[in-house]
Amino acid sequence: MYAYSQDLRDKVIILYKTGKYKQLDISNLLSISYKTIKTWIKQYRETGNCNLIKPVKIGRKRKFDDKQQVLAHLQINPDASGKEMREALAPGISGTAFYNSLSRMGITYKKEVKYKKRYQVKRKEFLAQIKDIDINNLVYIDETGIDNNIAPLRGWAPSGVKSFTEALGFRTKRITLIAGYFYGSKELVAPMEYEGYTNTELFLTWVEKGLCKEIKPNQVVIMDNASFHKSAKVK
């Protein structure tokens, strides 16, 4: 419904206060319904003003909005699933309503793996050792592999129907990728793909024929403590 401006309301009151115009006259003069003029003037008589009254919006009450309770629960149960959280915190609402509440709170479903055998002290010592090295001289190397028994973990399906995939029960093939990374230029160098796992002989071959052709004087090569990285020939 169209709302009249505050300026027009004020103009009606100004005309009314002059005493020269009746309510019907003001209605005709400003082309506003007589009923509306009566309402405004009545409001002015009762409250001393004819300000626009904004309606109070009353929406649906949120069924669950206790963010602190959720955070406290996750502090104690970091591995809790959405279903487990709902059953513990809001068993009386639907899963959809609970997940919508989590979304409004800014709580999302995610997880980053941290190894239990991580050493924070050694990590700080390592960062202190490299902090004065020019980033253009930092070269990181690492390997990663993919087995042939992996399968997509997600798929589309109609609501209420499960989505299935098939995967080998054991791996029969592994593809490994090894490469260097120039931290300063964000450049991938000497990438090599091969079948199987990395061993000392294979790693040394890659260092000699691949990596050494790419690195420059004064660059520092950084790698993890995998056993095949510790060969005397590599050093």
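Where is N49 placed? N49 sits in the loop between α3 (34–47) and α4 (67–76), and that loop is a handy spot to start a walk through this structure. One thing to keep in mind along the way: this is a predicted model.

Let's stay with N49 for a moment. Its relative accessibility is 28%, so N49 counts as partly exposed. If you set aside its neighbours within four places in sequence, N49 is in contact with Q43 and Y44. The N49 side chain also reaches the backbone nitrogen of N51, at 3.1 Å. Then there's I13: N49 and I13 are 36 residues apart in sequence, yet their C-alpha atoms are 8.4 Å apart in space.

Right beside N49 in the numbering comes C50, which brings us to the cysteines. Is C50 buried or exposed? With a relative accessibility of just 4%, C50 counts as buried, because the cut-off for buried is under 20%. C212, on the other hand, has 44% relative accessibility and so counts as partly exposed. As for disulfides, the count comes to zero.

Now for the strands. Let's begin with β1, which covers residues 138–147. β1 and β2 pair in the antiparallel sense, and nine bridges hold that pairing. Want to find it on the screen? Look for D142, whose bridge partner in β2 is A179, or for G145, which stands opposite T176 in β2. β1 also pairs with β4 (220–222). Which way do β1 and β4 run, parallel or antiparallel? They pair in the parallel sense, over three bridges. Y140 is a good marker here, as its bridge partner in β4 is I222. While you have these strands in view, one general point helps: in a regular strand, the side chains alternate between the two faces of the sheet.

On to β2, which spans residues 174–182, and β3, which spans residues 187–195. These two run antiparallel and are joined by seven bridges. You can trace the pairing with a couple of partners: I175 is matched with E195 in β3, and Y181 with L188 in β3. Together β2 and β3 form a hairpin, with four residues between them.

That turn has something curious in it. K186 lies in the loop between β2 and β3, and K186 has a positive phi of about 55 degrees although it is not a glycine. Why is that worth a second look? Most residues other than glycine have a negative phi. N218 is another residue to check: its phi is near 80 degrees, again a positive value in a residue other than glycine. N218 is found in the loop between α8 (200–209) and β4 (220–222). Its relative accessible area is 67%, so N218 is exposed.

Let's go back to β1 and look at D147, which has its place in that strand. What does the side chain of D147 join up with in a polar contact of 2.9 Å? The partner is the side chain of R174. Not counting residues up to four places away in sequence, D147 touches R171, K173, R174 and Y197. With a relative accessibility of 15%, D147 counts as buried, because that value falls under 20%.

The last stop is the largest pocket, which has a volume of about 900 Å³. Of the 24 residues that line this pocket, the closest to its centre are F126, I222, M223, D224 and N225. You've already met one of them: I222 is the bridge partner of Y140 in β4. Which elements supply at least two residues each to the lining? Among the answers are α7 (120–130), β1 and β2. So the tour ends with two strands you already know, as β1 and β2 pair with each other and each also supply residues to the pocket lining.

Notes: Residues are numbered from 1 along each chain as its sequence is written. This is a predicted model: local features need pLDDT of at least 70, side-chain atom pairs count only at pLDDT 80 or more; totals for chains, interfaces and linings use all residues. Side-chain values use heavy atoms; hydrogens and water are left out. Buried means under 20% relative accessible area, exposed over 50%, partly exposed in between (1.4 Å probe, protein chains only). A polar contact is a pair of N or O atoms within 3.5 Å; within protein, one must be able to donate a hydrogen and the other to accept it, and residues adjacent in sequence count only if both atoms are side-chain atoms. Contact means heavy atoms within 4.5 Å. A disulfide is a pair of cysteine sulfur atoms within 2.5 Å. Two strands pair if DSSP finds at least two bridges between them. On a 1 Å grid over the protein atoms alone, a cavity is a set of points where a 1.4 Å probe fits but cannot get out, and a pocket is an open set with protein on both sides within 12 Å along at least five of seven lines; lining residues have an atom within 4 Å of a point. Grid points are joined across faces, edges and corners, and a volume is the space filled by probe spheres set on the points.
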